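The exercises below are meant to be worked through with the sequence and the model open side by side. Try each task before reading its solution.

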Amino acid sequence: METIIDGMAEPETWFEEGCWIIEMLNDEREPDLSIARARVAAGDRTRWHCLDGIAERYLLLSGQGVVEVGEAAPHEVRAGHIVRIPAGVRQRIRNTGEEDLVFLALCTPRFEPSRYRDLET
């Protein structure tokens, strides 16, 4: 297994959740963690969704927005904030600024598409 990984080597792709994603680290040889860089354009938001059996943390890198987790009141977030999202709890984030909202999504255990559940269908 490599000691150094180029986390930006993968292309940015559109994800059904409503944001652009770069899978920086998602390897079955490292089942305990995945890291993705997410980008939500100005004025956009992600869909209500949850991750079954996967806890997630958002580490905000730039921009500003409003995050909703479970039944808690919406919270304003900005660069430097960390959002904790328990496994199976609904979530979404909206970009309220004029620039892209960019954050790292750290998932434990690692993200698997089969565990993503869209709650707006």
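**Exercise 1: Placing Met-24**

Task: Decide whether Met-24 is buried, exposed or partly exposed, and describe its surroundings.

Solution: Met-24 has a relative accessibility of 23%, and because buried requires a value under 20% and exposed one over 50%, Met-24 counts as partly exposed. The model in which this value was computed is a predicted one. Turning to location, Met-24 belongs to strand β2, which spans residues 19-25. When neighbours within four places in sequence are left aside, the contacts of Met-24 are Ile-5, Gly-7, Met-8, Ile-35, Ala-36, Arg-37 and Leu-104. A further step is to compare sequence with space: Ala-105 lies 81 residues from Met-24 in sequence, while the C-alpha atoms of the two are 9.8 Å apart.

**Exercise 2: Ordering the sheet**

Task: Work out the order of the six strands in the open sheet, and state which strands lie at its edges.

Solution: Reading across the sheet, the order is β1-β2-β3-β10-β5-β8, with antiparallel pairing. The edges are β1 (13-15) and β8 (82-85), each of which pairs on one side only. From one strand to the next, the twist averages 30°. For a closer look at one pair, take β1 and β2, which are joined in the antiparallel sense over three bridges; here Phe-15 is found opposite Cys-19 of β2.

**Exercise 3: A hairpin and a cis peptide bond**

Task: Find the residue with a positive phi in the hairpin of β6 and β7, and then locate the cis bond that precedes Pro-109.

Solution: Begin with the strands, since β6 pairs with β7 (residues 75-78) in the antiparallel sense over four bridges, and Val-66 stands opposite Glu-76 in β7. Five residues separate the two strands of this hairpin, in which Gly-70 has a positive phi near 60°. The cis peptide bond runs from Thr-108 to Pro-109, with omega near -10°, and Pro-109 sits in the loop between β10 (101-108) and β11 (116-118). As background to both findings, most residues other than glycine have a negative phi, and most peptide bonds are trans.

**Exercise 4: Reading the nonpolar core**

Task: State how many residues the largest nonpolar core has, and which strand gives the most to it.

Solution: The largest nonpolar core has 22 residues, and those with the most contacts inside it are Tyr-58, Leu-60, Val-67, Val-83, Ile-93 and Phe-103. At least two residues of this core come from each of β2, β3, β5 (55-62), β6 (64-69), β8 and β10, and β10 gives the most, with four. Leu-60 can then be followed outward: beyond its neighbours within four places in sequence, its contacts include Val-77, His-81, Val-83, Ile-93, Leu-101 and Phe-103.

**Exercise 5: Testing the cysteines**

Task: Explain why Cys-107 forms no disulfide with the closest cysteine, and say whether Cys-107 is buried or exposed.

Solution: The closest cysteine sulfur to that of Cys-107 belongs to Cys-19 and is 11 Å away, and because a disulfide requires sulfur atoms within 2.5 Å, this is too far for a bond. Cys-107 is buried, because its relative accessible area of 3% falls under the 20% limit. Across the model the count of disulfides is zero. Cys-50 is likewise in no disulfide, with the nearest cysteine sulfur, that of Cys-107, 12 Å away, and Cys-50 is buried at a relative accessible area of 1%.

Definitions and conventions:
Residues are numbered from 1 along each chain as its sequence is written. This is a predicted model: local features need pLDDT of at least 70, side-chain atom pairs count only at pLDDT 80 or more; totals for chains, interfaces and linings use all residues. Side-chain values use heavy atoms; hydrogens and water are left out. Two strands pair if DSSP finds at least two bridges between them. Axes are lines fitted to C-alpha atoms, for helices over the stretch in contact, and angles run from 0 to 180 degrees between N-to-C directions. Buried means under 20% relative accessible area, exposed over 50%, partly exposed in between (1.4 Å probe, protein chains only). Contact means heavy atoms within 4.5 Å. A nonpolar core is a set of buried Ala, Val, Leu, Ile, Met, Phe, Trp, Tyr and Cys residues joined through side-chain atoms within 4.5 Å.
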